[in-house]
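Here's a quick tour of what goes on inside this protein. Take a look at the sequence and the model, then read on.

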Amino acid sequence: QERCENMPWVLNDKTPFIVTQKCDGSSGTYILERKKTLFGAKYEFYVCSRNVRMYDEGQECFYGKHNYYWEVANKYHIYDKMKDYLKKNKNATFVCWQGEVCAPGIQSNPHRLSETHFYCFHWTDSVNGRLDIRKANELWREYFMEVVPIVNDNYIMPDDFEEFKKTADGYYDSEVCEGYRDCKREGFVYYSANDPTFSFKNVSREYLLKQK
């Protein structure tokens with residue numbers, strides 16, 4: 001996500017934005033692709049970190065021998081859920097879920113988690129493209145997935161940039177902190193309500209100072 005500091009002109013956009021809390025972990029991407037063969041449908045499953053495909057559970061990742069990305073895939077049964085979606089939506093050839101992998105061994109565990117969690121934020125498929133996160137949230141809930149908290153779905157940008165920056169300060173919802181209410185949040189991500197592909201982030205200055 002682009003930082004708001006690099007695009008201050010966005011405050012001139014007075015159309016509604018959807019605001020979500022920005023979880024702090026490691027981004028993960030999961031894709032299931034349906035391929036036609038002479039013997040019927042074949043499915044290929046992609047498990048990826050931010051920029052590396054993880055071919056199997058034994059592949060080391062940035063965080064060492066424990067592969068958090070495959071742990072998430074297995075814990076949430078992502079392959080089976082994606083396959084169910086593709087079977088119900090026969091025109092779709094692939095579905096992609098992206099989210100934040102948060103765990104005790106990632107980024108000093110700002111969410112104070114005791115186990116690994118995956119908080120979804122992007123849903124893309126070959127028919128619909130990038131879904132509005134509100135619609136994606138409804139679908140993920142049907143599949144018992146965890147989702148980044150949506151805090152406002154009709155946010156209008158203020159005129160003052162300093163006022164805007166201060167809104168990022170605060171605490172995470174307890175649902176992404178295993179019940180804790182005193183975890184400072186990294187900030188917010190803003191999605192255009194008119195264009196799901198347009199988004200940016202506002203990182204809390206308080207959070208950045210805490211990390212130093």
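## The cavity

Let's start with the empty space. In this predicted model, a search of the whole structure turns up one cavity of 30 Å³ or more. Its volume comes out at about 60 Å³.

What lines the largest cavity? The residues around it are Ile 18, Phe 121, His 122, Trp 123, Arg 130, Leu 131, Asp 132, Ile 133, Tyr 191, Ser 192 and Pro 196. By type, that lining splits into seven nonpolar, two polar and two charged residues. Strands S5 and S9 each chip in with at least two lining residues, and S5 gives the largest share, with three.

## The main nonpolar core

Nonpolar side chains tend to be buried together in soluble globular proteins. Here, the largest nonpolar core has 47 residues. The members touching the most others are Tyr 30, Phe 45, Ile 78, Trp 97, Phe 118, Trp 123 and Met 145.

Which elements give two or more residues to this core? On the strand side, they are S2 (26–37), S3 (40–48), S4 (94–102), S5 (117–125) and S9 (187–192). The helices are H1 (68–75), H2 (78–88) and H3 (133–142).

## A second core

Apart from the largest core lies another one, made of 12 residues. Cys 4, Val 10, Met 157 and Tyr 190 are among them.

## Zooming in on Trp 97

Trp 97 is worth a look of its own. Setting aside neighbours within four places in sequence, Trp 97 is in contact with Gly 28, Thr 29, Tyr 30, Ile 78, Lys 81, Met 82, His 122, Trp 123, Trp 140, Tyr 143 and Met 145.

Note on methods. Residues are numbered from 1 along each chain as its sequence is written. This is a predicted model: local features need pLDDT of at least 70, side-chain atom pairs count only at pLDDT 80 or more; totals for chains, interfaces and linings use all residues. Side-chain values use heavy atoms; hydrogens and water are left out. A nonpolar core is a set of buried Ala, Val, Leu, Ile, Met, Phe, Trp, Tyr and Cys residues joined through side-chain atoms within 4.5 Å. Buried means under 20% relative accessible area, exposed over 50%, partly exposed in between (1.4 Å probe, protein chains only). Helices (H or I, at least four residues) and strands (E, at least two) are DSSP runs, numbered from the N terminus. Contact means heavy atoms within 4.5 Å. On a 1 Å grid over the protein atoms alone, a cavity is a set of points where a 1.4 Å probe fits but cannot get out, and a pocket is an open set with protein on both sides within 12 Å along at least five of seven lines; lining residues have an atom within 4 Å of a point. Grid points are joined across faces, edges and corners, and a volume is the space filled by probe spheres set on the points. Ala, Val, Leu, Ile, Met, Phe, Trp, Tyr, Cys and Pro count as nonpolar, Asp, Glu, Lys and Arg as charged, and the others, Gly among them, as polar.
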